[in-house]
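Biologist: I am new to this structure and would be grateful for a close look at one part of it, namely the way its helices pack. Please explain the terms as they arise.

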Amino acid sequence: EPALLKELQETQGASTLARRAVDLIRELLPVPRSLTGDGNRRTLDILGRAVPLQRFEVPSGTPVFDWEVPLEWNVREAYIVGPRGDRVVDFSQHSLHLLNYSTPVRAKMSLTDLRPHLYSLPDRPDWIPYRTSYWSEQWGFCLTHRQLAALPEGEYEVVIDSSLAPGSLTYAEARIPGELADEFAIFTHICHPGLANDNATGMATAALLAAELMRSRPRLSYRVIFAPVTIGSITWLTPNEAAARKLRGGLVIGLLGDPGALTYKRSRRGNTEVDLIASAVVRGLDSAARVVDFSPYGYDERQLCSPGFNLPIGRLTRSSNGEYPEYHTSADNLDLVDVGALTQSIRAISDILSRVDSNHRLRRRSPNGEPRLGKRGLFRNTGGESPKSFEYAMLWILNQADGTHGLNDTVAASGLPDTVVRRAAEALIDAQLIDDIDLSAPTPAES
Ligand code: ZN
């Protein structure tokens, strides 16, 4: 079988895609984004030029598990006029200047009264912080500490021409049908404004990879989901509960361009197909790579790996939440995004998808105990390989062949050479001890 996304597993092809991602990030950066609103629709318009997207609008107030879809937030303008008559902070200059989800305000006040509504970073005086107030009605502005320190006493005019009104939450999917109905999902969040690594790298990379998957002929079916973090994945899971439970695997991707090492965070289950493959891929590409256990903090894996779903979905990032000084500030801009790092991230994702895509699932016919290999002539039938590794490979496959694991993740788990594991699998199939269940799996048309 030809490897999926073969060119993107090589540096040259991946760096071409990384450069295209940077162009897309440049276009995405100024668009104001949030949990809801026209900025998110404009974002999906931009991504939709890279790959055809199906868009969904879920009305405000729709119950989604323990939550409900919030009011839609839009901003026409927001600024503060100082005592000298000049705009001292202006949302049109940087989308981080406004506390995300600020309620509308039109008022005059002293600096003393204004101060509690101003957010800055005293130890990073040139950076604007990113702050949100999604679930409590507040208003505020974010500014550099230098801007804040320069504000004179006097009367200020505050204008936030925003609306919080019944509307909808917008998310989108790219669907790529494969030969099999089994789906692999990629999730990326689309709610952060004005931040390049978190999460424009995720949005741009996911869109461009979806387009490449569409041009390829994948064996599995793919679904790439663009939604705001937390409430977005909860909103997606609600109508997609049945499809989610059937997912063969998935990856949450984001923060793909900072100089940190490749980091794979395991699913809650910890040893699924994608966990074993992704761990081996990141370690193979980056000697500093980290493979970390699941924790209930982070991005959409919090919802996807909640106990009711417990999906075989891990997360690929470089740095993660709060691990770099520029995180959630205006310094998370294109200067932070390293094309080499983004190239390596694209290689990693492509390699993971390729190995999952060609990973035929194996199942023991009689799974209780180990079968007697000697009476089938398998224990010394080593065909040139050292007996030890061939026997180990058989034991690995016989143990992993539970219908959820295949050859590629068994290679990853065992650390044995691919060729030996492949030969062992063939011998066990010939001996009618295991079956390749993907050969009889339903196609999209049947499912
Ligand atoms: Zn973030």
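Modeller: I begin with helix α8, residues 273-285, where helices (H or I, at least four residues) and strands (E, at least two) are DSSP runs numbered from the N terminus. The 13 residues of α8 should span 18 Å at 1.5 Å a residue, and the end C-alpha atoms are 19 Å apart, which agrees. The expected span used here is 1.5 Å times one less than the number of residues in the helix.

The model is predicted, so that local features need pLDDT of at least 70 and side-chain atom pairs count only at pLDDT 80 or more, whereas totals for chains, interfaces and linings use all residues. Residues are numbered from 1 along each chain as its sequence is written, and side-chain values use heavy atoms, with hydrogens and water left out.

Within α8, the buried residues are E273, V274, D275, L276, I277, A278, S279, V281 and V282. Buried means under 20% relative accessible area, exposed means over 50%, and partly exposed lies in between (1.4 Å probe, protein chains only).

The packing of α8 can now be described. Two packed helices are described by the angle between their axes and the distance between the axes. For α8 and helix α10 (residues 339-357), the angle is about 140° and the axes are 9 Å apart. Axes are lines fitted to C-alpha atoms, for helices over the stretch in contact, and angles run from 0 to 180 degrees between N-to-C directions. The two helices α8 and α10 are therefore oblique to each other; angles under 35 degrees count as roughly parallel, over 145 as roughly antiparallel, 65 to 115 as roughly perpendicular, and the rest as oblique. The crossing of α8 with α10 is right-handed, that is, the near helix is turned clockwise from the far one by less than a right angle, and a left-handed crossing has an anticlockwise turn.

From α8, the residues E273, V274, I277, A278, V281 and L285 meet Q344, R347, A348, D351, I352, R355 and V356 of α10, contact being heavy atoms within 4.5 Å. Sorted by class, this contact of α8 with α10 has eight nonpolar, one polar and four charged residues. Ala, Val, Leu, Ile, Met, Phe, Trp, Tyr, Cys and Pro count as nonpolar, Asp, Glu, Lys and Arg as charged, and the others, Gly among them, as polar.

Another pair is formed by helix α1 (residues 11-28) and helix α5 (residues 196-215), whose axes come within 9 Å and cross at roughly 125°. Helices α1 and α5 are therefore oblique to each other, and α1 passes α5 in a right-handed crossing. On the α1 side, L17, R20, A21, L24, I25 and L28 meet A196, A200, T201, M203, A204, T205, L208, L209 and E212 in α5. By class, the contact of α1 with α5 has 11 nonpolar, two polar and two charged residues.

Helix α5 is mostly covered, with 18 of its 20 residues buried. Its 20 residues reach 27 Å from the first C-alpha to the last, close to the 28 Å expected at 1.5 Å a residue. N199 is found in α5, and a cis peptide bond with omega of about 10° joins D198 and N199. Most peptide bonds are trans.

In α1 lies Q12, which counts as exposed because its relative accessibility is 68%.
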